[in-house]
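Please open the model in your viewer and keep the sequence panel beside it, so that each selection below can be followed in turn.

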Amino acid sequence: MTKPSLPELLHAAVAAVGGVERPGQVTMAEAVAQAIDDGSHLLVQAGTGTGKSLGYLVPALAHGDRVVVATATLALQRQLVERDLPRTVDALHPQLRRRPEFAMLKGRSNYLCLHRLHEGVPQEEEDGLFDPFETAAPTSKLGQDLLRLRDWSDDTETGDRDDLTPGVSDRAWAQVSVTSRECLGASKCAYGAECFAEAARERAKLADVVVTNHALLAIDAIEGAPVLPQHEVLIVDEAHELVSRVTGVATGELTPGQVNRAVRRAAKLVDEKVADQLQTAAEVFERLMELALPGRLEEIPEDLGYALMALRDAARAVISALGSTRDKSVQDEDAVRKQAMASVENVHDVAERITQGSEYDVVWYERHDRFGASLRVAPLSVSGLLREKLFAERSVVLTSATLKLGGDFNGVGASLGLPPEGTVGTEDEDVPVWKGLDVGSPFDYPRQGILYVARHLNTPGREGSRGDMMDELAELVEAAGGRTLGLFSSMRAAQAAAEELRGRLDKPILLQGEDTLGELIKNFAGDAETCLFGTLSLWQGVDVPGPSCQLVVMDRIPFPRPDDPLMSARQKAVEEAGGNGFMAVAATHAALLMAQGAGRLVRATGDRGVVAVLDPRLANARYGSYLRASLPDFWYTTDRNQVRRSLAAIDAAAKAADA
């Protein structure tokens with residue numbers, strides 16, 4: 001029997017999911033197959049509506065090697081495992097003459113821990129006796145959540161938090177889950193044979209396709225202990241998110257609350273002298289943190305340095321003591337010990353990392369209204385780590401609707417540790433070989449959308465009111481008849497705009513934070529006159545095709561805050577190396593967000609509308625052309641009257657269609 005061709009397989013898969021074959025999808029599938037065949041790497045930009053999931057799944061399944069697919073969002077993981085993969089496997093089975101297996105794998109804390117569920121959380125002094133199922137009143141929200149979790153544990157096959165609907169609070173979930181550091185290990189746990197996390201790992205070992213998330217991929221790369229099964233092909237979807245997710249995993253944090261928790265957990269397991277040493281170090285650290293002012297610490301102040309060394313040394317002493325003492329009077333001693341060890345090791349590791357003072361790390365204080373001060377440390381760059389760990393021994397395909405910034409892939413490539421496209425290695429240096437490919441979009445952007453820049457407005461300053469911007473926003477929303485997604489650079493700006501427009505317009509204005517994100521998006525999509533205002537998660541997480549979203553407004557170019565310690569440190573490092581720090585860091589960050597934000601407008605072939613940027617710098621500043629080149633190819637104007645007429649016409653057409 002002849003081997004089926006890639007176009008035949010793709011055709012069968014697209015028909016199975018009820019989709020439409022797109023030229024960009026075919027081009028993408030062929031490029032993915034080529035990269036897998038020759039062991040090279042591919043960055044592929046595939047616009048909304050291309051069908052990129054099948055564009056990589058079909059060639060990967062056809063090739064036959066084990067594939068790991070890493071995505072950033074839960075929604076896409078679920079879509080792959082519950083919809084795309086089952087249908088694709090069914091469609092390809094007759095032609096491939098095999099049925100590829102697939103599985104989902106997440107970090108341990110995403111799975112219900114049966115030991116925690118049945119034995120309770122190891123008690124802590126300040127909580128008194130803490131079996132949450134006994135102490136949480138059944139009428140309280142926490143009590144109801146915990147009872148529901150106990151019932152669910154008898155029915156669930158996966159133990160995966162995301163399979164529980166409706167969900168429960170983080171606080172409730174924390175009572176029934178463990179981190180990898182807190183886990184007793186299957187061989188030592190009474191429930192090891194039934195463990196949901198272990199079962200998920202076993203399924204992944206047998207699967208041809210393993211669907212995971214960026215965070216687990218980062219842990220697998222950073223921590224050296226493999227979490228993912230051996231694989232020959234890695235596909236990173238939503239790849240524009242990868243650098244920030246890896247940075248998040250590689251960031252360490254110390255807070256007084258966290259240190260005090262470690263003290264309480266260890267106190268009952270070690271002798272008094274060792275426990276007192278950690279207690280004293282914790283008190284000194286807490287007093288210093290009360291005085292901490294937000295901002296980067298280019299050098300560690302002497303008093304903080306001493307406090308961290310004391311914490312590190314005391315934590316080390318506790319870790320040694322925990323390893324050598326046993327106390328049969330402690331109920332469920334192994335679990336108590338493991339939880340204490342996890343807490344103290346984290347304090348030790350972060351204190352050690354900051355006192356060592358690597359030139360490749362950035363250290364800063366942060367202050368939060370609710371949680372107080374924290375001390376944080378993050379890598380100046382993750383590009384070296386990604387280059388070494390990601391691209392070494394497998395073919396990697398990275399895909400997203402936004403990878404090409406300012407006209408090429410080199411900006412995103414550099415953040416991933418890749419040399420400029422086309423760079424050839426030498427005998428002494430083996431460089432990753434990669435290619436960038438833009439397969440376009442099925443949408444006709446110049447006909448479907450307008451990019452309007454309000455060139456006449458004042459340049460936004462860091463502080464102060466933007467009265468002219470509010471006037472402009474109100475007029476645009478009025479002309480559009482509602483139907484507006486407002487993307488703001490800060491929560492304060494979103495709140496101010498919602499308050500102002502609720503007073504001026506007779507349109508419902510929803511505000512992020514006033515309900516769950518899912519509920520807000522559902523209500524926004526359900527009523528054409530409704531507007532939704534918010535910040536970061538709305539720039540990337542909203543998929544509302546049709547007439548409910550015909551105006552997307554950005555209040556300003558979303559540059560990182562000038563006082564963002566990590567971004568400003570990265571910018572400074574590029575400048576010291578002779579590069580343009582502003583373009584490499586701030587403009588790249590803004591371009592990615594703006595491309596994602598503008599992508600909220602056109603989600604289907606019938607969509608029409610306007611992306612309005614209320615920041616004249618997009619038209620006037622030198623970097624404006626770079627940012628505009630990163631956006632979909634909408635028809636561009638700065639004519640305020642023209643855009644009001646267009647919005648009114650789009651609104652009238654939507655109302656007529658509705659009627």
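Which residues does Ala 16 touch, not counting residues up to four places away in sequence? Select Ala 16 and show its contacts (heavy atoms within 4.5 Å): Arg 87 and Ala 91 should appear. This is a predicted model, in which local features need pLDDT of at least 70 and side-chain atom pairs count only at pLDDT 80 or more, while totals for chains, interfaces and linings use all residues. Residues are numbered from 1 along each chain as its sequence is written, and side-chain values use heavy atoms, with hydrogens and water left out.

Ala 16 belongs to helix 1, residues 6-16 (helices, H or I, of at least four residues and strands, E, of at least two are DSSP runs, numbered from the N terminus). Ala 16 counts as partly exposed because its relative accessibility is 35%, where buried means under 20% relative accessible area, exposed over 50% and partly exposed in between, with a 1.4 Å probe and protein chains only.

Next, select strand 12, residues 449-453, where 5 of 5 residues are buried. Gly 449, Leu 451 and Val 453 point one way from strand 12, and Ile 450 and Tyr 452 point the other way.

Then add strand 17 (residues 609-613), which runs parallel to strand 12 and is joined to it by 5 bridges; two strands pair if DSSP finds at least two bridges between them. Here Ile 450 stands opposite Val 610. Finally, display strand 18 (residues 635-637), which pairs with strand 12 in the parallel sense over 3 bridges, and where Trp 635 stands opposite Ile 450.
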